[in-house]
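This report describes a protein chain, beginning with one part of its fold and ending with the whole. Please keep the sequence and the structure at hand while reading.

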Amino acid sequence: MNQQQVTADIAYDSTINDEKVMSILSQAFETNSLDQRDKLRKQFFDLLDYKYKLLVRRGVLQYHFVFPDNRPFIRFHKISKYGDDLSDTRLDFKKVNETKKVIRGFAQGRTAHAFRNVYPLFDKNKKHIGAMEVSFTSEYLQDNLTNISNIHTHFLVNKNIFDAKAWERDDLVLKYSKSIEHPNYMVTMPKSHTKAEYKRLMGEKIDYIQEDITKKIALGKEFALYFEGKNDLEVISFLPIENNTNHNIVAWIVSYDKDQFIHSTILNTLYIRIVLFSILLILFYFIFKTLMQKYTLEESVQNKTIDLKELNENLEQKIIIEVDKIKQIESKLFQSEKMASMGEMIGNIAHQWRQPLSAISTGATGMLVQKEYGILTDEKFIETCNSIDKHAQYLSQTIDDFRNYIKGDRIKTKFTLKSDLDSFLHLIEGSLKKESINVIVNIDENIIIDGYPNELVQCFINIYNNAKDAFIEKKIDEKYLLISSKENSDTIEISIQDNAQGIDDNIISKIFEPYFTTKHKMQGTGLGLHMTYTLIVEGMNGNIEVKNKTFEYNDKIYIGAEFNITLPK
């Protein structure tokens with residue numbers, strides 16, 4: 001979308017800066033002679049036809065000029081049609097001619113929808129003489145998603161924004177077919193789609209989630225569902241598109257994509273259940289067998305003292321073996337929990353990368369287009385290159401932070417609390433932006449810790465995930481995470497506090513216990529805070545406590561959970 005805006009702005013700038021073009025348009029506005037306007041239209045077309053062909057190669061659908069009364073002077077995509085009144089069908093033209101301000105966004109015309117950029121036009125005396133449009137088809141957006149990201153997409157348009165008779169017309173710029181996803185929408189048919197292929201593909205996939213799709217579309221917010229296809233698990237995502245004038249939801253971008261992570265997570269959860277069930281079964285059998293042996297031995301205790309002693313020795317050895325097995329399994333579960341956290345982290349990093357990648361792409365594309373039109377200055381070239389380098393450095397830093405996090409070296413070293421906290425905040429930056437969580441840091445930057453930096457980052461992530469889930473569950477609007485530190489003579493204290501209304505008093509004493517979770521059984525293993533407790537207490541010889549606490553921030557009173565970590569110096 002940013003690339004489209006850059007292309008549209010450059011097309012607008014080059015058009016209004018062409019004195020011949022603007023002179024012809026001004027003359028056409030001033031004259032009442034239809035013959036004179038036809039001659040001027042021909043001259044106008046000859047001057048801009050080559051530019052229009054270049055814009056078409058950039059994905060432009062319509063290069064369109066209208067007078068202040070909303071009647072077209074020229075449509076480059078349909079040169080023979082002009083002079084009709086667009087006041088009722090193109091509200092964006094009407095609004096730009098009234099307000100003299102630029103309007104961008106999605107809008108439906110008589111025969112096609114598009115992502116439109118509509119600009120006011122003025123002659124050399126600053127007199128308003130009309131508006132121009134540079135618009136892009138949804139097919140262009142779909143082709144980019146297909147060819148660059150390998151994502152199968154549909155574009156749905158609400159059929160109520162068309163005149164009922166329009167669907168039967170032969171002169172539609174875009175072809176439409178009835179949507180299988182929702183009866184009130186039509187799906188565009190780009191060159192890469194056929195009706196038969198669409199019906200076969202969609203009929204196989206969404207039959208049993210049709211009702212969920214209908215309910216969520218009615219809410220008008222973006223959503224995603226996952227379901228099992230014939231060969232794999234897939235995700236269907238819906239992104240709403242607003243009209244550029246009244247902001248009603250009139251279209252949706254729909255994508256279908258396979259998702260190995262959800263599939264593997266479900267499988268891993270099943271494996272963990274099987275392993276835990278097997279352990280419990282063995283443990284119950286062992287307890288039962290021990291009780292039976294004890295009952296038998298009590299009947300002949302005097303005669304079998306030696307056998308009893310031998311049995312006790314064997315029992316002790318078995319317990320040692322079983323405890324060792326359980327520790328090994330717990331270690332694997334810890335690793336699984338970290339892998340799950342790593343998966344979420346990859347999602348966060350992907351979210352962080354979108355903006356700098358978009359900025360790099362936009363900058364490079366902008367320079368290319370400006371070079372084609374001969375308007376690329378040295379200052380603009382240097383400015384854009386510096387911007388691309390800045391965003392590339394940001395991406396490189398993100399890679400370094402994530403590589404250090406997953407490396408998992410358990411080497412005791414001295415490190416600053418600030419550097420460790422910066423790595424943690426960088427890793428969750430995408431999640432913070434997505435969930436609109438404000439982090440307030442108040443620490444002593446000179447604090448040095450002798451311990452394991454990666455494990456401390458893991459503890460911060462586990463505590464953050466616990467707070468994030470609480471924010472979502474309790475639907476908190478203003479979300480705050482306060483991090484502070486205190487250095488004593490022989491200890492270092494780190495406090496992490498949220499405003500998610502605290503933890504239920506009935507369970508707050510249990511949250512560090514293994515496998516204890518308040519989430520649905522498919523959403524949590526109950527190992528995150530237990531892992532944090534183990535890493536702090538056993539791994540760093542420290543201590544961690546949690547309590548509910550009321551605090552004041554920005555003249556408001558909040559209540560939430562406060563985790564206090566104490567580490568030796």
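In this predicted model, strands β10 (residues 233-242) and β11 (residues 249-258) run antiparallel and are joined by nine bridges. One position in this region can be followed across to the neighbouring strand: F238 has V254 in β11 as its bridge partner.

Both strands belong to an open sheet of six strands, whose order is β7-β8-β6-β11-β10-β9 with antiparallel pairing. At the edges are β7 (176-178) and β9 (223-228), each of which pairs on one side only. From one strand to the next, the twist averages 30°.

Two helices lie across strands of this sheet, as the table shows.

| Helix | Strands it lies across | Approximate angle |
|---|---|---|
| α5 (residues 138-149) | β6 (152-158), β8 (185-188) and β11 | about 160° to β6 |
| α7 | β8, β9, β10 and β11 | about 175° to β9 |

Is I209 buried or exposed? I209 is located in the loop between α6 (195-205) and α7 (210-219). Its relative accessibility is 6%, so I209 counts as buried, the limit being under 20%. Leaving aside residues up to four places away in sequence, I209 touches L225, F227 and I236. The C-alpha atoms of I209 and E181 are 9.5 Å apart, while 28 residues separate the two in sequence.

The protein chain as a whole holds 14 helices and 18 strands. Of its 569 residues, 42% count as buried. Among contacts in the chain with a separation of 6 or more, 64% are between residues 24 or more positions apart. The chain exposes about 32000 Å², and carbon and sulfur atoms supply 52% of this area.

How values were computed: Residues are numbered from 1 along each chain as its sequence is written. This is a predicted model: local features need pLDDT of at least 70, side-chain atom pairs count only at pLDDT 80 or more; totals for chains, interfaces and linings use all residues. Side-chain values use heavy atoms; hydrogens and water are left out. Helices (H or I, at least four residues) and strands (E, at least two) are DSSP runs, numbered from the N terminus. Buried means under 20% relative accessible area, exposed over 50%, partly exposed in between (1.4 Å probe, protein chains only). Contact means heavy atoms within 4.5 Å. Accessible areas come from the Shrake-Rupley method with a 1.4 Å probe; for residues, only the protein chains shown count as cover. Two strands pair if DSSP finds at least two bridges between them. Axes are lines fitted to C-alpha atoms, for helices over the stretch in contact, and angles run from 0 to 180 degrees between N-to-C directions.
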